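Visitor: I would like a close look at a single part of this structure, the surroundings of the ligand. Please take me through them carefully, from the place where the ligand sits to the individual contacts.

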Amino acid sequence: MSAPKSSRSQPDLSRRHFAMALGAALVAVPLAACGGDKKQPSGGGNGGGGGDGAITFGFAQVGSESGWRTANTTSIKDAAKKAGITLKFSDAQQKQENQIAAIRSFITQKVDVIGFSPVVESGWDTVLKEARDAKIPVILTDRAVDSADDSLYVTFIGSDFVEEGRRAGKWLVEDTKEDGPFNVVVLEGTTGSAPANDRKKGFAEIVGNDDRFRFIASQTGDFTRAKGKEVMESFLKSHKKIDVLFAHNDDMAIGAIQAIEEAGKKPGTDIRIVSIDGIKEAFQAMADGKINVVVECNPLIGPQVMDLVKKVHAGDSVEKRVEAEEGVFTQEQAKDELPNRTY
Ligand code: AHR
């Protein structure tokens with residue numbers, strides 16, 4: 001296997017901030033686009049924050065399926081505290097029905113702003129309309145919805161998952177100078193989720209156009225370590241020759257590494273491993289030669305989310321879409337970057 005090369009095109013990997021004006025689709029929209037009239041401040045009686053003028057933010061998190069998610073939850077909680085925003089937090093345990101119930105409960109409690117990271121892309125219109133009828137603005141964080149009516153939410157803040165998939169694919173195409181063929185297996189994220197749909201699409205856009213690569217198996221590991229290991233075990237049993245693993249997140253890649261080692265193979269050498277997220281353990285695995293490349297997905301969006309909550313509550317215009325700046329890290333860069341990883 002040739003030495004891994006960087007396909008990094010990002011300007012400065014030490015930056016962990018969101019660029020507030022990135023992307024072609026950035027359009028400033030007034031709050032009136034969602035929820036009708038500008039809301040009264042919570043001190044005016046509608047908000048769940050009581051009469052002290054504090055903002056109450058109801059946040060329905062996906063779950064705690066991954067290291068990325070844990071970092072994201074911590075970022076949201078810390079940032080709310082720092083911003084003086086009262087946070088009502090709910091963990092949906094990766095179930096859409098739990099998230100819908102949490103949003104309905106936030107509506108009943110008359111919170112000022114609702115935020116959620118949708119477990120899956122479809123099926124949100126009814127509850128989003130209920131929030132709009134209650135004049136509670138909604139902010140999507142991390143994951144998008146596929147609703148045709150984008151006035152049902154005020155703004156989205158998160159990553160470009162299609163681009164992450166493309167970056168993973170570009171690294172692989174550049175790293176494989178041999179003729180192939182290469183047998184590729186994929187550990188997909190949660191079925192129907194934006195990161196699973198989009199990363200698959202972006203990766204296929206690049207790798208699917210190179211006939212040296214053959215997709216021999218692709219199955220969901222639900223973004224968890226345990227399922228990543230379980231599915232990789234079954235891949236290894238059914239396929240004698242696996243050259244590449246594309247894991248939609250680090251936790252599944254780490255689970256798969258265990259399966260590969262237990263099968264007597266060397267992860268990162270016998271099987272190239274391409275992953276997404278950038279948690280510290282994945283950097284350690286890269287430094288140990290067990291993962292070949294990690295495409296970064298930034299979970300530390302809490303401060304930007306709280307800025308949006310304040311603006312939305314004040315009735316200020318906000319960007320319709322706010323995207324992250326993220327890097328691609330190879331084994332060569334992993335050791336240097338390891339001490340900087342905070343999650
Ligand atoms: O939505 C972001 C994805 O969700 C992360 O890549 C994954 O680790 C998490 O579960």
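Guide: In this predicted model, the place to begin is the largest cavity, since that is where the ligand sits. Two helices, α1 (67-83) and α5 (194-207), are the elements that each give two or more residues to the shell around the ligand. Seen at the level of domains, the shell takes at least three residues from domain 1 (56-159 + 300-325) and at least three from domain 2 (161-297), with both domains thus represented around the ligand.

Listed along the chain, the residues around the ligand begin with Glu-65, Ser-66, Trp-68 and Arg-69, continue with Asp-142, Arg-143, Phe-161, Pro-195 and Arg-199, and end with Phe-223, Asn-249 and Asp-277. By character, six residues of this shell are charged, four are nonpolar and two are polar. The charged residues include Glu-65, Arg-69, Asp-142, Arg-143, Arg-199 and Asp-277, while Trp-68, Phe-161, Pro-195 and Phe-223 are among the nonpolar ones, and Ser-66 and Asn-249 count as polar.

Three side chains in this shell can be described by their distances to oxygen atoms of the ligand. In the side chain of Arg-143, an N or O atom is 2.8 Å from a ligand oxygen. For Asp-142, the separation between a side-chain N or O atom and an oxygen atom of the ligand is 2.9 Å, and for Asn-249 a polar side-chain atom likewise lies 2.9 Å from a ligand oxygen. As for exposure, the ligand taken alone would show 280 Å² of accessible area, and the protein buries 100% of that.

To draw these points together, the ligand sits in the largest cavity, has residues from domain 1 and domain 2 in its shell, and has ligand oxygen atoms at the stated distances from the side chains of Asp-142, Arg-143 and Asn-249.

Methods
Residues are numbered from 1 along each chain as its sequence is written. This is a predicted model: local features need pLDDT of at least 70, side-chain atom pairs count only at pLDDT 80 or more; totals for chains, interfaces and linings use all residues. Side-chain values use heavy atoms; hydrogens and water are left out. A residue is near a molecule or strand if one of its heavy atoms lies within 4 Å of it. A polar contact is a pair of N or O atoms within 3.5 Å; within protein, one must be able to donate a hydrogen and the other to accept it, and residues adjacent in sequence count only if both atoms are side-chain atoms. Accessible areas come from the Shrake-Rupley method with a 1.4 Å probe; for residues, only the protein chains shown count as cover. On a 1 Å grid over the protein atoms alone, a cavity is a set of points where a 1.4 Å probe fits but cannot get out, and a pocket is an open set with protein on both sides within 12 Å along at least five of seven lines; lining residues have an atom within 4 Å of a point. A molecule sits in a cavity or pocket if more than half of its atoms lie within 2 Å of its grid points. Helices (H or I, at least four residues) and strands (E, at least two) are DSSP runs, numbered from the N terminus. Domain bounds come from an automatic or database domain assignment.
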